[in-house]
Amino acid sequence: MAFGPIMKLTTESGLKLELAPFTREEVLVFIAGLQKQSTNQYNGMLPVTAEMEQEWFDKRSKESNVMLWGVWVVERDKRKLIGYTEINEISPLVPTQRNITQGSTSITLTDNNYWRIGVASAAHYARTWYAFEQLGLVRLRSAVAQENTASRRALDKVGYSHVYVERNFQFIDGHYVHEDMLECLNPADWAWRLWWGDDRPSRKNLQARKKTEVALAWSREHVVLP
Ligand SMILES: CC(C)(COP(=O)(O)OP(=O)(O)OC[C@H]1O[C@@H](n2cnc3c(N)ncnc32)[C@H](O)[C@@H]1OP(=O)(O)O)[C@@H](O)C(=O)NCCC(=O)NCCS
């Protein structure tokens with residue numbers, strides 16, 4: 001699996017994006033960003049070297065339960081790789097019951113010149129659409145530091161909701177930071193029934209479902225799989 005197929009879309013601000021594979025050489029553009037504290041602080045990552053980044057690429061590209069995309073911006077017909085996003089740990093929730101499948105998601109924009117202009121929000125829309133409508137996953141999970149406002153906000157907009165807190169998972173700027181564990185559920189009737197069974201989803205879950213439905217409707221219209 002490793003790489004997901006090319007998806008083309010345009011952000012709300014008009015920036016053209018592609019989620020698409022990248023090569024072992026292209027991965028080196030991530031290094032400058034991954035050596036900055038501002039990129040790594042909430043990911044719990046440490047700075048990497050070229051060798052480490054290419055080892056990561058080699059390992060990732062062989063993993064069958066990962067779907068990885070480079071985040072490319074297209075400006076004046078030139079493509080520029082600015083980060084990556086993935087669905088990893090794709091697997092059945094209960095190993096013997098293959099119908100409820102889930103994955104964990106993450107994104108890192110290593111080029112911080114492209115932060116705060118809606119890139120992660122658009123990438124989350126496309127990735128979520130792909131996970132639910134092309135892979136048929138039932139649940140996506142993500143973990144986000146409570147202080148990582150941008151990440152939390154981008155996930156919230158696509159319908160990730162809070163499940164529980166991992167306390168004290170990192171120590172940043174002189175204090176412990178907690179991590180919110182979030183989930184986003186496939187809003188399609190078949191998946192919703194499978195997930196909730198006889199339980200009644202809370203109002204919070206129903207609101208999150210609506211957001212995901214809106215995100216999927218947007219993506220059906222705006223994401224192109226060439
Ligand atoms: C977190 C990250 C992915 C956000 O990407 P981004 O493209 O800048 O996010 P967006 O522009 O789509 O913004 C998402 C929302 O957060 C808000 N936001 C963005 N940066 C913010 C900031 N520094 N403070 C407060 N809000 C912020 C945006 O206004 C937007 O909300 P809105 O749509 O209501 O206006 C990016 O900063 C990054 O890669 N950081 C390093 C790695 C990381 O932390 N990854 C996530 C780990 S869980």
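The paragraphs below go through a predicted model, beginning with the ligand and its surroundings and then turning to the salt bridges.

The ligand is surrounded by 20 residues, and those that come nearest are Arg116, Gly118, Ser121, Arg153 and Lys157. Sorted by class, this shell consists of 9 nonpolar, 8 polar and 3 charged residues. Three elements each supply at least two residues of the shell, namely strand E6 (97–109), helix H4 (119–134) and helix H5 (149–157), and of the contributions to the shell that of H5 is the greatest, with 6 residues.

Polar contacts can be followed atom by atom around the ligand. A polar backbone atom of arginine 116 is placed 2.7 Å from an oxygen atom of the ligand, and for isoleucine 117 a backbone N or O atom lies 3.2 Å from a ligand oxygen. Serine 121, by contrast, uses its side chain, a polar atom of which lies 2.6 Å from an oxygen atom of the ligand. Of the 940 Å² of accessible area that the ligand has on its own, the protein covers 78%.

Side chains of opposite charge can pair when their charged atoms come close, and the structure holds 16 salt bridges. One of them joins lysine 80 and aspartate 111, with 3.4 Å from N to O. Because lysine 80 lies in strand E5 (residues 78–94) and aspartate 111 in the loop between E6 and H4, this pair ties together parts that are 31 residues apart in sequence. The two partners can also be described by their accessibility: lysine 80 is partly exposed at 36% relative accessibility, whereas aspartate 111 is buried, with a relative accessible area of 14%.

Other salt bridges lie within a helix. In helix H5, aspartate 156 and arginine 153 are 3 residues apart, so about one helical turn separates them, and the closest N and O atoms of their salt bridge are 3.5 Å apart. Aspartate 156 is partly exposed, with a relative accessible area of 22%, and arginine 153, which is also among the residues nearest the ligand, is partly exposed at 48%.

Helix H7 (residues 203–222) holds glutamate 213 and lysine 210, which are 3 residues apart and therefore separated by about one helical turn; their side chains meet in a salt bridge of 3.4 Å, N to O. Here glutamate 213 counts as partly exposed at 30% relative accessibility, while lysine 210 counts as exposed at 54%. Elsewhere, Lys59, Arg60, Glu63 and Glu86 are joined into one network by salt bridges that share partners.

Key: Residues numbered from 1 in each chain as written. Predicted model: local features only at pLDDT ≥ 70, side-chain atom pairs only at ≥ 80, totals over all residues. Heavy atoms only, no water. Near = heavy atom within 4 Å. Polar contact = N/O pair within 3.5 Å; in protein donor to acceptor, adjacent residues only side chain to side chain. Areas by Shrake-Rupley, 256 points an atom, 1.4 Å probe, with all protein chains shown as cover. Helix = DSSP H or I, 4+ residues; strand = E, 2+ residues; numbered from the N terminus. Nonpolar A, V, L, I, M, F, W, Y, C, P; charged D, E, K, R; others polar. Salt bridge = Lys/Arg side-chain N within 4 Å of Asp/Glu carboxyl O. Buried < 20%, exposed > 50% of the residue type's maximum accessible area, 1.4 Å probe, protein only.
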